[in-house]
Every structure is written in structure tokens, then in C-alpha cells.
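Q: I have a structure here and some quick questions about it. Can you walk me through it?

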Amino acid sequence: MFQAVKRRKDNWALLLLEAIKETQEYVKVKMDPSASQACTNQRYHSDSTTSEKGYIFAELVKSYFQFDVSLRLKFQLQPIKYSDIRGVIITNNQLVFADYARNSLLIYDINGSYNREIKLSSNPLSISEINKDDVAVSYYRGQRIEIISINTGEVKKIIETNDVIHVKSYQNGLIYAVVDDQNIDVMNMTGKLIRSFKCPSKSIVQCLSTDSDIMFF
């Protein structure tokens, strides 16, 4: 860990961070914004805490990608009583929530106004986008995944699974599912197991998303 660096230049913090990034590819860094006014607008990320004295800390972790997060839209959802939301997706300019308590999908317009409700066969655990019209829903009771049209509410397909799927994601014709909080099963759209591997997260996975060759937990 780095604790303090003498401020010989106004942008000393930025220079140090850039040097760390260039020489140590697996180090993620974060700067206390109060450490240097010249670096206030720089964006860095870390899992370590900030220092009240303007120190810079670096934590050794494997980081294979970098990204920035910014707020694009904020709105107030029209409330629904007695809801227990277990998952949400944005598709076709709509927000689709999996409501565990109401056994349903709650559909909102992108501005946050309530649109309609689709009743489900049981308590949903997770929801994933298949395409702009179809979603995949897994359930608390039953070893299955249902492909449902959000336009008609029709169950278009039922995929039988060997275990209850807690969370899942869809990517390029394959479903990535967390089973028993330990393994990730990869199956095709018929339910055939393609491969299985240990979940890299040591904590209980409550959300899973895939993008190209990257998995987000």
C-alpha cells in the first residue's frame, strides 16, 4: 500500500496513478478527491476505503477491464403494493420486473409509469432477456425455465432443468445459470448441459449478467 507522497507538483496524484496503471496491470487504484484539486475530475475505482488525510491507496486485485458509470436517467416508479422484486430487465423501451410476492411480471414504460401485469405459474426468482419480445423466467418451485412473450403473456417454451435456478443470464443462444450458489451451468435452449464450472464468487450471487466473454456478478 502507498500511504503518502510529497506533493512536488500540483498533479502529483494523477502522475502517481498513471505510473501505477502503466506498470502494474493488476492494481486497481482510487484517489481521495480532497488530495489534489487538479485531479478531482479523474475517475478511478477500488474496493479500498478513502483516507481523510488525502492519502492514496492501492489494492492488488485482478482487473481485466475498466469502465465508467454515470447516471443517464432517473424517475419515480408508480408503486405497486405487496411487491417483492427479484429481478429487472430493460427491453424494447420497457422495464420488466419479476415480482416474487405477486407471482407476476410487472411491466413499466421507460418513464416509470405502470403499464400492465403478466401472471406467472409460480414465484419467480430471476428474469433474463432473450430478445425484444421474449424473456426467460426461473422459479422458486420447480426445476424449469419458462420463455414468456411480454407482448402476449404466452408461455412459448418450457426448459426442464436438473436443479432450481437461482439467477441466470442469456448470451448467444446459451443460458448461464447459478445452481446451489456454487456452480454455473451453461445450457442450450433445450436444457442440454453444455458445460459446468465453479462459481468464482465466494459470496451468494444475487445477480448475474453476461456480455460477450465477460460475466458480471
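Q: Is Lys156 buried, exposed or partly exposed, and what is its relative accessibility?
A: This is a predicted model. In it, Lys156 counts as partly exposed, at 47% relative accessibility. The cut-offs are under 20% for buried and over 50% for exposed, so 47% falls in between.

Q: Which strand is Lys156 in?
A: Lys156 sits in strand β10, which covers residues 155-160.

Q: What is Lys156 in contact with, leaving aside neighbours within four places in sequence?
A: Asp134, Ile147 and Ser149.

Q: How far apart are Lys156 and Val135 in space?
A: Their C-alpha atoms are 9.9 Å apart. In sequence, 21 residues separate Lys156 and Val135.

Q: Next, Arg144. Buried or exposed?
A: Arg144 counts as buried, because its relative accessibility is 16% and the cut-off for buried is under 20%.

Q: Where does Arg144 lie?
A: In strand β9, residues 144-149.

Q: What does the side chain of Arg144 make a polar contact with?
A: The side chain of Glu146. The distance is 3.3 Å.

Q: Which residues does Arg144 touch, not counting those up to four places away in sequence?
A: There are three runs to look at. Arg144 touches Ser121 and Ser122, then Val137, Ser138 and Tyr139, then Ile158, Ile159, Glu160 and Thr161.

Q: Switching to Ile165. Buried or exposed?
A: Ile165 is buried, with a relative accessible area of 3%. Ile165 lies in strand β11.

Q: What is Ile165 in contact with, leaving aside neighbours within four places in sequence?
A: Leu125, Ser138, Ile145, Ala177, Val178, Val179 and Met187.

Q: How far is Ile165 from Gln143, C-alpha to C-alpha?
A: The separation is 7.1 Å. Along the chain, Ile165 and Gln143 are 22 residues apart.

Q: What is the order of strands in the open sheet with β11?
A: The order is β11-β12-β13-β14. Those four strands pair in the antiparallel sense.

Q: Which are the edge strands?
A: β11 (165-171) and β14 (193-198). Each pairs on one side only. From one strand to the next, the twist averages 20°.

Q: How many bridges join β12 to β13?
A: Five, with the strands running antiparallel. β12 covers residues 174-179 and β13 covers residues 183-187. Ile175 stands opposite Met187 in β13.

Q: What holds paired strands together in general?
A: Strands of a sheet pair through backbone hydrogen bonds, either parallel or antiparallel.

Q: What about β3 and β4? How many bridges there?
A: Six, and the pairing is antiparallel. One of the partners of Ile89 to look for is Val96, its bridge partner in β4.

Q: How many residues lie between the strands of that hairpin?
A: Two. In the hairpin, Asn92 takes a positive phi near 55°.

Q: What is phi at Asn93?
A: Phi of Asn93 is near 60°, a positive value in a residue other than glycine. Asn93 is in the loop between β3 (85-91) and β4 (94-99).

Q: Why is a positive phi worth a remark?
A: Because most residues other than glycine have a negative phi.

Q: Is Asn93 buried or exposed?
A: Exposed, with a relative accessible area of 60%.

Q: And Asn103, what is its phi?
A: About 50°, so positive, although Asn103 is not a glycine. Asn103 lies in the loop between β4 and β5 (104-109). Asn103 is partly exposed, at a relative accessible area of 25%.

Q: Cysteines now. How many disulfides does the structure hold?
A: Zero.

Q: Are Cys199 and Cys207 buried or exposed?
A: Cys199 is buried, with a relative accessible area of 11%. Cys207 counts as exposed, at 56% relative accessibility.

Q: Last, the whole protein. How many helices and strands?
A: One helix and 16 strands.

Q: What share of the residues count as buried?
A: 39% of the 217 residues.

Q: How much area does the protein expose?
A: About 13,900 Å². Carbon and sulfur atoms supply 47% of that area.

Q: What share of contacts join residues at least 24 apart?
A: 35%, among contacts between residues at least 6 apart in sequence.

Key:
Residues numbered from 1 in each chain as written. Predicted model: local features only at pLDDT ≥ 70, side-chain atom pairs only at ≥ 80, totals over all residues. Heavy atoms only, no water. Buried < 20%, exposed > 50% of the residue type's maximum accessible area, 1.4 Å probe, protein only. Polar contact = N/O pair within 3.5 Å; in protein donor to acceptor, adjacent residues only side chain to side chain. Contact = heavy atoms within 4.5 Å. Disulfide = S-S within 2.5 Å. Areas by Shrake-Rupley, 256 points an atom, 1.4 Å probe, with all protein chains shown as cover. Pairing = 2+ DSSP bridges. Axes fitted to C-alpha atoms, helices over the stretch in contact; angles between N-to-C directions.
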